[in-house]
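Student: Could we look through this protein model together? I would like to practise reading strands and helices.

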Amino acid sequence: MKKAILSVVFLLTTFSAMAQQHRLWYSQPASHWLEALPVGNSHLGAMVFGGTESETIQLNEETFWSGSPHDNNSPEAKAHLQEVRDLIFQGKEEEAHKIIDQYFFKGPHGMRFLPLGNLKMTFGHKDATNYERALNLGDATTTTSYVCNGVKYERTVFASQTDNVIVVHIKANKKKALSFKVDFDSPLETSKTAYLSSPLTSASKALRAADKSVHHLTATVKNVEHEGIKGNLYADCHAVVKADGKTTEQDNAIVVSNATEAFIFITAATNFVNYHDTSANPGAKNVETLRGIDQFNYNQLLNRHLQKYQEQYNRVSLMLPKSENSGLQTDQRLAAFAGGKDLDMVSLMMQYGRYLLISSSQPGGQAANLQGVWNDKVNAPWDSKYTININAEMNYWPALVGNLAETQEPLFSMIDDLSHTGTITAQQMYGCRGWVAHHNTDLWRIAGPVDGTTWGMFPTGGAWLTTHLWQHYLFTGDKAFLQTYYPVMKGAADFLLDYLQPHPQYGWLVTAPTVSPEHGPMGKKTTVTAGSTMDNQIVFDVFSQTLQAARELNIADGSTKRLETAIAQLPPMQIGRHGQLQEWLIDADDPNDQHRHVSHLYGLYPSNQISPYAHPDLFSAAMTTLRQRGDMATGWSLGWKINFWARLLDGNHAFQIVKNMLHLLPEDSKMREYPDGRTYPNLFDAHPPFQIDGNFGFTAGICEMLVQSHDGAVHLLPALPDAWASGEVKGLRTRGGFTVDIAWSEGKVAKATVHSSIGGTLRLRSYWPLKGKQLRPADGDCPNHLLQSAHIKAPLTSPDRLSDKAQSASIRQVYEYDIATTAGKTYSFTIDGR
C-alpha cells in the first residue's frame, strides 16, 4: 500500500511539472497553409506562417461568406411527396430518387465561407539561424524567433477574445535593427489605403510605444455571387501599425524603419447583422473595437487575453507519460508516433482540440464551421459549410465533457435561427408543422436539401441538432435554459410527428423519404429509403427528450400524449444475419463494406440507446458492425470511431484508432506517398482534405475513454488502454452537473475527486471496489434523472442469423455506488483496499 501511495505521489508531482507545457513547434517556417499555425477568437481567425524573409498572416472573419440572404426551398416538392412515398414503399426507390432529384432540389446548394486576405510583412531576413516557431496551447500565442546578421528577432501573435483584435508584437535585441513593410492582399476584389491615424488612436496606450505617429492600413474586400445568389457582403480590415522608429506610407503600404519594437493591431468586420439583415456598418464596428483598446498597453492586452483564454483552457488537464520522442519538433513527433509510446502526444492532441474549439466558437459569434474559422481558399472543400449529418455535430462533442459549455452558444443560436427558416421549409416542401433542416446549412441558414438526393434527402439534420440542447440540460440541470429552448425542441418533434408515415409492411412509423447518410443498402442503386436506423434512433431521441423536457417544465398538453403514442410505434433496432446492427429496415448490410459513415451506430454514440447492461445482444451487434467497417477511414470518421470503441468499453481498440489517426500527411499532394496520412503537420485533421471535425472527435473520444455518464452512472476509466498504465485527468464534466478528477496507477483508479455543482445523487460505476465517506452500494435504477439510461424496445434478431458471424462482447464486472451530494461540495474516493 505504501508503495502504491508513493507511486501516485511521484506521478502527480511529475505531471504537475509538465502542466501548461503543451505546444506545437518547428525548426523552419511554414511552406504551405497546412504547416501554418492557427490563432482565433471566434470572430477572427488567422494562420501564422512564421517566415523570416517575409511573414504571412492569413485572415478570416467569421461572417464573410458568399451570397446574401436567401432560401433554397423547392415549392414543387410537396406536390410529388406522396408519389415518392408510394414508390419507396413499393420497393421502387430508384424511381423515387429520380423524382426527388427533379423536384426537391430547386434552389442553390449553399454559400461559401471565404478568406478575407493576407497581412504581409516583408523583412528581407535571409540565412536566418537558431530558428523556432511555436504555438503555445497554454497561453494561445504563436511565437517566432531567429537570428539574422547577429540580431535576434522575435514575433508574438495572439487573437484576443477580450478585446476582439489580433495583436502582433515584433522586437529586435539590437536598437534600430528592425525595418519592414506591412501590406495586405486578398484573392477577392479589394481596395486599400494607408494613412496617418486619427487622434482617436494616436493617444492610445496600446498603440503608443513611443511618441511617434500611428499608421493605419485599411482594406475593403467584396464577397462574391454564388449559384445565382448576388453577393451583398463586404468586409473592412484594419491593421494599425505602431513602432518606435520611423513609419511612412508607400504605395498603400506602411514602411517601418530603424525600429527596435513594433506592434500591429488587426481587426475586421462585415456588414452582416443576421441571416436576413446585411445593414451593419463594418467601419463603425472596427472603430469601436479600436476605441476599446485605447486604455491598455501591450502587456495589459496580453494579460487580458490570457485571463479570459486560460479561464476556459485551464479547466481541464490530461497528463500522460512522455517518451524519448516527446521532445521532437511536432511534425517529426507525429511521424514517429506509429508505435504509440509517446503518450503525451495523445494529451497534446486532446488539448489541441479544446484549443481549437475555444478559438473558433465563443458566445456572440458564429458556430465553428467545417474548418472552424480558418480557410484560405475562395472555393473551400464542401464550401466549408455546416454539414449537419455528422460534421457540425461532431464539432461540439467535446464542449460539455471537455468543460467548455459556453462554446456551444453559437451552435444554439444557429439552431434557433434554423427553427425559423426551417418552419418555412417544412410548410412549403412537406406541408408539415414544426421545422426541418436537411444535411447542410450556411451563414444564411438555408434549410432545404442541397447537393442531390444521395446526400441531401436527409430530413433529420435539424432534429439531430436539437439533441445538443437536451444534452446541455443533462450536464447542467439549467431549467431556465431548457425553458428557453423547449419551443425549438418541440418544433423539431412536431415536424417529425407530421412527417412520419406508417410502413405498409411493418406497421411502424417511419421517415419517408430519407437516407442513411451518403450510403445505400447492398443491392440498391440509391441511398433513398424509408426508416433508416439512424433516423429511427434520432426520432426516438427527439421524441423522448421533448417529452422529458415537457415533464421537467410541468407542461402537460395534447402534444405529450401524441409523443408517447408515437414512441410506441417506432421501429426497434434489428440484428441482421451477419450478427450486425442493421443500417436499414431490410437486412442489406455488406459485411465487407468499409464505408466512412457508420450512421446506424448513432444509437451507440453520441446517443445512449445501446447499452452493454440493458441490451448486451445489441451491444455485441454494434461491435460486430464496427469490426466489419474496419479500423481505417477518413480523418473525421476515425474521430467518430474512437468514441464508438470507447462506448464499447474497449480502450485498447480505441487507442488503435488513435494511432491510426496520428499518421502524418505532409500535404494533400502527397496522399499517394502517405495513403494512411490523417493528420497534417500543424495537427489539423485530414479527411483529406482538411476538416476540423476530426480534431474535435478525437478530443471527445479521449475524454470518453476516461469518463462516461450516459448510461445510468458516472463511469470512471471505462475504456482505459493497457498502455496508459499511469496518468491523471482533471476537470472533465459529466451529466448531473459533476466535475471529475481521476489519478490512476497500474491501470487502476488511485484517487477520484468529484465536485457537485447542483447537488443530487451521484452514482459511481467502477471496475474496482471503491471506498469513500457516505458511499453506499447502489440498488435499482439511478434516482438522478440527469443520469438516466435510455429505455428502448428490445431488438429484433434475424431468423437467418449466421451463428459463426456473431461476436459476443465481453463485459467486465462493475461496482456501483450512490452518494447524496450537496451543491458546491467535493467528494473523494479511492480503491477499497488501498
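## A walk through the strands and helices

Tutor: Happily! Keep in mind that this is a predicted model. Let us start with a pair in two neighbouring strands: G45 of β3 stands opposite N60 in β4.

Student: How many bridges join β3 to β4, and which way do the strands run?

Tutor: The G45 and N60 pair you just met belongs to these two strands. Strand β4 covers residues 54-61, and β3 and β4 run antiparallel. The number of bridges joining them is five.

Student: Which residue takes a positive phi in the hairpin of β3 and β4?

Tutor: Look between the strands, where this hairpin has five residues. One of them has a positive phi near 75°, and that residue is G50.

Student: What does G45 stand opposite on the β2 side?

Tutor: Strand β2 (residues 37-40) is joined to β3 by four bridges, and the two run antiparallel. In the hairpin of β2 and β3, with three residues between the strands, S42 takes a positive phi near 80°. The residue of β2 opposite G45 is G40.

Student: How many residues of β3 are buried?

Tutor: Check each face in turn. On one side L44, A46 and V48 are buried, and on the other side G45 and M47 are buried, so both faces are covered and the strand is largely enclosed by the rest of the structure. For β3, residues 44-48, the count is five of the five.

Student: Let us move to another sheet. Which strands stand at its edges?

Tutor: This open sheet has five strands in the order β25-β26-β30-β34-β32, with mixed pairing. An edge strand here has a single partner strand, so one side of it is left without a neighbour in the sheet. The two edge strands are β25 (707-708) and β32.

Student: Which residue is the bridge partner of Q708 in β26?

Tutor: Strand β25 pairs with β26 (residues 714-716) in the antiparallel sense, over two bridges. Within β26, the partner of Q708 is H715.

Student: Which residue in β34 is the bridge partner of R776?

Tutor: Strand β34 (residues 815-821) pairs with β30 (residues 760-766) in the antiparallel sense over seven bridges, and there T761 has A820 as its partner. Strand β34 also pairs antiparallel with β32 (residues 776-777), over two bridges. For R776, the partner in β34 is D818.

Student: Now the helices. Are α11 and α13 parallel or oblique to each other?

Tutor: The axes of α11 (residues 409-430) and α13 (residues 461-476) come within 10 Å and cross at roughly 130°. Angles over 145 degrees would count as roughly antiparallel and 65 to 115 as roughly perpendicular. The crossing falls in neither range, and therefore the two helices are oblique.

Student: How do the residues of that contact divide into nonpolar, polar and charged?

Tutor: Helix α11 brings L411, F412, I415 and L418, while α13 brings L465, T466, H468, L469 and H472. Sorting these residues by type gives six nonpolar, three polar and no charged.

Student: One last residue: is H519 buried or exposed?

Tutor: H519 lies in the loop between β22 (514-515) and β23 (528-529). Beyond its neighbours within four places in sequence, H519 is in contact with T527, E583, W584, D593, H595 and R629. Its relative accessible area is 7%, and under 20% is the cut-off, so H519 is buried.

Key
Residues numbered from 1 in each chain as written. Predicted model: local features only at pLDDT ≥ 70, side-chain atom pairs only at ≥ 80, totals over all residues. Heavy atoms only, no water. Axes fitted to C-alpha atoms, helices over the stretch in contact; angles between N-to-C directions. Parallel < 35°, antiparallel > 145°, perpendicular 65-115°, else oblique. Contact = heavy atoms within 4.5 Å. Nonpolar A, V, L, I, M, F, W, Y, C, P; charged D, E, K, R; others polar. Pairing = 2+ DSSP bridges. Buried < 20%, exposed > 50% of the residue type's maximum accessible area, 1.4 Å probe, protein only.
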